[in-house]
Amino acid sequence: MLAYLMSCLGILLAGLAPTPQPQTYAVVVGISDYKELTSRNGDLRYADRDARQVVSFLQSRSGGLLPASHIRFLTNQQATYANIRQALTLFKQAQAGDRVIFYFSGHGLPSSFVPYDVRLDNQQGLLTHQAIKEAFRQSEAATKLCIADACLSGSMTQPQTSQRNLLKTVGSSLSDDTNVAMILASRSTQSAVETGRLAGGAFTYYLLKGLHGHADLDKNKIVTIRELHAYVSPRVRQETRGHQTPIFYGRFSDDLGLAYL
């Protein structure tokens, strides 16, 4: 009888076991100091600082209190092509219901981002947009976010021409509740502006300000992707006098929560 009661108790306790909470995995890259550039011919000023602030947000309560083991953070000399590609394998740890985030701040070219150690003479070692999409495709996460503060970053919505083909690339079997979003600093023909007044990239400055609560337009303590777009885009356009227009692109619910205040 005792054994039977213990068995029943075990079944009851198992039924009361908490459901595993969704996890977030992030790869954050910021490059100001390039191997073959100097401050006179192309180095940036604030990209590494911007990336560090993104990590701080992710580790805050609003950003999800991510543990260090769920973040791969690479700046300047650390952000080589090989290291970034290795960091992207972190996304394979995500399970259904989880979220993965790739953030890049640095130089951008059509169809690629520029790692620290790229060869300028032949442009070997570029991080192609396709490589990032492939890392997303290999992840089982339900939410996949690519956030880029780089010139020409809007070219990430190309060249597979159609949104349907693009989404097929980043998620091999998208269900109705799968969110795939690209939050990009500029159109495919535009630069991404750094400004001393903001001590950072205009896009990342307003992105983080929005995520910290300024974009919570309905004051419900949740910053949705729709609210973030409504907050960030006009402010970046105003800050850059119309020279930079952020792009929010993909397949996602307008109510997708990005920060919980």
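Helices and strands are runs assigned by DSSP, at least four residues long for a helix and at least two for a strand, and they are numbered from the N terminus. With that vocabulary in hand, the tour may begin. The model on display is a predicted one.

**Stop 1: the whole protein**

Show the entire protein as a cartoon. Seven helices and 13 strands are present. The protein has 261 residues, and buried residues make up 49% of them. Consider next the contacts between residues at least 6 apart in sequence: 74% of these join residues at least 24 apart.

**Stop 2: Val27 in strand β1**

Select residues 24–30, which form strand β1, and pick out Val27 within this strand. The relative accessible area of Val27 is 0%, so this residue is buried. Display its surroundings, leaving aside neighbours within four places in sequence: Val27 is in contact with Arg72, Ala87, Leu88, Leu90, Phe91, Ile101, Phe102 and Tyr103. Now add Thr89 and compare two kinds of separation. Val27 and Thr89 are 62 residues apart in sequence, while their C-alpha atoms are 9.5 Å apart in space.

**Stop 3: the cavity**

Keep Ile101 selected, and add Phe57, Leu58, Ile147 and Leu211. These five lie nearest the centre of the largest cavity, which has 14 lining residues. Its volume is about 140 Å³, and a search of the whole structure finds one cavity of 30 Å³ or more. Which elements each supply at least two residues of this lining? They are α2 (47–58), β3 (99–105), β7 (143–149) and α6 (202–214). Colouring the lining by residue class gives 13 nonpolar residues, one charged residue and no polar ones.

**Stop 4: helices α6 and α7**

Helix α6, one of the elements that line the cavity, leads to the next view. Select it together with helix α7, residues 225–239; the two axes come within 9 Å and cross at roughly 145°. The crossing is right-handed. To view the contact, show the side chains on both helices. From α6 come Ala202, Phe203, Tyr206, Leu207, Lys209, Gly210, Leu211 and His214, and they meet Leu228, Tyr231, Val232, Arg235, Val236 and Glu239 of α7. By class, the residues of this contact are nine nonpolar, two polar and three charged.

Remain on α7 and select Ser233, which lies in this helix. Is Ser233 buried or exposed? Its relative accessible area is 2%, and a residue under 20% counts as buried, so Ser233 is buried. Apart from neighbours within four places in sequence, Ser233 is in contact with Pro246 and Phe248.

**Stop 5: two residues with positive phi**

Most residues other than glycine have a negative phi. Two residues in loops may be viewed with this in mind.

- Select Arg241, in the loop between α7 and β12 (247–251). Its phi is positive, about 55°, although the residue is not a glycine. Arg241 is exposed because its relative accessible area is 76%, and the threshold for exposed is over 50%.
- Select Leu152, in the loop between β7 and α5 (163–170). This residue, also other than glycine, has a positive phi near 60°. Leu152 is buried because its relative accessible area is 19%, under the 20% limit.

**Stop 6: Ala141 before strand β7**

Select Ala141, placed in the loop between α4 (129–137) and β7. With 5% relative accessibility, Ala141 counts as buried. Which residues does Ala141 touch, not counting those up to four places away in sequence? They are Ala94, Gln95, Asp98, Arg99 and Val100. Of these, take Gln95 and draw a line between the C-alpha atoms: Ala141 and Gln95 are 5.4 Å apart in space and 46 residues apart in sequence.

**Stop 7: the largest pocket**

Arg99, one of the residues that Ala141 touches, leads to the final view. Select Arg99 with Pro22, Gln23, Thr24 and Tyr260. The largest pocket has a volume of about 360 Å³, and these five residues are the closest to its centre among the 20 that line it. Next select strand β13, residues 257–260: three residues of the lining come from this strand, the largest share. What is the make-up of the lining by class? There are eight nonpolar, nine polar and three charged residues. For comparison, return to the cavity of Stop 3, where the lining has 13 nonpolar, no polar and one charged residue.

Notes: Residues are numbered from 1 along each chain as its sequence is written. This is a predicted model: local features need pLDDT of at least 70, side-chain atom pairs count only at pLDDT 80 or more; totals for chains, interfaces and linings use all residues. Side-chain values use heavy atoms; hydrogens and water are left out. On a 1 Å grid over the protein atoms alone, a cavity is a set of points where a 1.4 Å probe fits but cannot get out, and a pocket is an open set with protein on both sides within 12 Å along at least five of seven lines; lining residues have an atom within 4 Å of a point. Grid points are joined across faces, edges and corners, and a volume is the space filled by probe spheres set on the points. Ala, Val, Leu, Ile, Met, Phe, Trp, Tyr, Cys and Pro count as nonpolar, Asp, Glu, Lys and Arg as charged, and the others, Gly among them, as polar. Axes are lines fitted to C-alpha atoms, for helices over the stretch in contact, and angles run from 0 to 180 degrees between N-to-C directions. A crossing is left-handed if the near helix is turned anticlockwise from the far one by less than a right angle, and right-handed if clockwise. Contact means heavy atoms within 4.5 Å. Buried means under 20% relative accessible area, exposed over 50%, partly exposed in between (1.4 Å probe, protein chains only).
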